[in-house]
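Q: Please show me the chain and its model. I would like to ask why certain terms are applied to it.

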Amino acid sequence: MGLFSRKTDAETAGTPDAVATADLANLTGEYTIDPTHSEIGFSVRHAMVTTVRGQFTEYEGSLKLDGTKPANSSAELKIKVVSIDTNQAQRDEHLRTGDFFDAATYPEITFRSSSAEQVDADTYRMHGDLTIKDTTKPVSIDFTFNGSATDPYGNLRVGFEGSTTVNRGDWGLTYNAALEGGGVLISDKVKLTFDVSAIKAA
């Protein structure tokens, strides 16, 4: 998302665009997430001493933004499990098996929002249902609005960054191994991160 101006840049510059960018009412509409300028990532503690990070590279999603009444906003996301990438092929293959995501049986992870609220001037909380394998659980994700911009192709884009921490065991992802010196190989807590660039529908 570094290719597009953030709201704070415009405000700092004192340009007239700052007012338009800050006016969320002008951004109301339907948006499609652009995977080529977005990232859906995760991180988890490994062997109690390091952090393994990864991402999903194939997904599609949509946003409905209501700048006048943020509570009317909504989001939907579908992630291809097979696209998991931790920069280590053997580990990725293991994550696709029945020990973890069982990608052959459950090819998608989905998120569907149920409600939204504005926390402060730039922060929005999205509540919804996260489905992994055959389990659906509620989650809440705080998003920071990074701004809007018209790209060189004439597309109006908005940018959001968000994160939440979940317990993987709540979705049946319980595989683990004990360490000789105590503790376990994989932490139960997983941090999910979202860096989203979305394009407004024409």
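A: This is a predicted model. Of the 202 residues of the chain, 40% count as buried.

Q: What makes a residue such as Lys133 count as buried or exposed?
A: A residue is called buried when its relative accessible area is under 20%. Lys133 has a relative accessible area of 19%, so Lys133 is buried. Lys133 is in the loop between strand 8 (123–132) and strand 9 (135–150). Its phi is near 60°, a positive value in a residue other than glycine.

Q: Why is Ala47 called partly exposed?
A: The relative accessibility of Ala47 is 23%. Partly exposed covers what lies between buried, under 20%, and exposed, over 50%, so Ala47 counts as partly exposed. Ala47 is placed in the loop between strand 2 (39–46) and strand 3 (50–56). Here too phi is positive in a residue other than glycine, near 55°.

Q: How do you know that the side chains of strand 5 alternate?
A: In strand 5 (residues 74–80), Ala75, Leu77 and Ile79 point to one face and are buried. Ser74, Glu76, Lys78 and Lys80 point to the other face and are not buried. Glu76, for instance, has 32% relative accessibility; this is not under 20%, so Glu76 is partly exposed.

Q: What makes strand 4 and strand 5 a pair?
A: Two strands pair if at least two bridges are found between them. Strand 4 (residues 59–65) and strand 5 are joined by 6 bridges, so they meet the condition, and they run antiparallel. In this pairing, Ser62 stands opposite Glu76.

Q: Which strand pairs with strand 5 over 5 bridges?
A: Strand 7 (residues 108–118) does, again in the antiparallel sense. The bridge partner of Glu76 in strand 7 is Arg112.

Q: Why is the link between Arg112 and Glu76 called a salt bridge?
A: The cut-off is a side-chain nitrogen of Lys or Arg within 4 Å of a carboxyl oxygen of Asp or Glu. The closest N and O atoms of Arg112 and Glu76 are 3.6 Å apart, so the pair qualifies. The two residues are 36 residues apart, Arg112 in strand 7 and Glu76 in strand 5, and the pair links distant parts of the chain. Arg112 is partly exposed, at 40% relative accessibility.

Q: What makes Asp142 and Arg125 a salt bridge?
A: Their N to O distance is 2.5 Å, which is within 4 Å, so the pair counts. Asp142 lies in strand 9 and Arg125 in strand 8, so the salt bridge ties together parts that are 17 residues apart in sequence. Asp142 has a relative accessible area of 30% and Arg125 has 26%; both values fall between 20% and 50%, so each residue is partly exposed.

Q: Why are Arg96 and Glu93 said to be separated by about one helical turn?
A: They are 3 residues apart in helix 3 (residues 89–96), which means a separation of about one helical turn. Arg96 and Glu93 also form a salt bridge, with the closest N and O atoms 2.6 Å apart. Arg96 is buried, with a relative accessible area of 18%, whereas Glu93 is partly exposed at 47%.

Q: How many salt bridges are found in the whole structure?
A: The search finds 6. Asp34, Asp151 and Arg157 are linked in a network of salt bridges.

Q: How do you know that Ser62 touches Ile33?
A: A contact requires heavy atoms within 4.5 Å. Ser62 has such contacts with Tyr31, Ile33, Ser74, Ala75 and Glu76, not counting residues up to four places away in sequence. The C-alpha atoms of Ser62 and Ile33 are 5.7 Å apart, although the residues are 29 apart in sequence.

Q: Which residues have the most contacts inside the largest nonpolar core?
A: They are Phe56, Leu77, Phe101, Ile109, Leu130, Val158 and Phe194, in a core of 43 residues. Strand 11 gives the most to this core, with 6 residues. Ile109 touches, among others, Phe56, Leu77, Phe101 and Leu130.

Q: What makes Val184 fit for a surface patch?
A: A patch residue needs over 30% relative accessible area. Val184 has 34%, so Val184 passes this cut-off. With Met48 and Val49, Val184 makes a nonpolar surface patch of about 270 Å².

Definitions and conventions. Residues are numbered from 1 along each chain as its sequence is written. This is a predicted model: local features need pLDDT of at least 70, side-chain atom pairs count only at pLDDT 80 or more; totals for chains, interfaces and linings use all residues. Side-chain values use heavy atoms; hydrogens and water are left out. Buried means under 20% relative accessible area, exposed over 50%, partly exposed in between (1.4 Å probe, protein chains only). Helices (H or I, at least four residues) and strands (E, at least two) are DSSP runs, numbered from the N terminus. Patches are made of residues with over 30% relative accessible area and no salt bridge: like charges are joined within 9 Å, nonpolar side chains (Val, Leu, Ile, Met, Phe, Trp, Tyr) within 5 Å. Accessible areas come from the Shrake-Rupley method with a 1.4 Å probe; for residues, only the protein chains shown count as cover. A nonpolar core is a set of buried Ala, Val, Leu, Ile, Met, Phe, Trp, Tyr and Cys residues joined through side-chain atoms within 4.5 Å.
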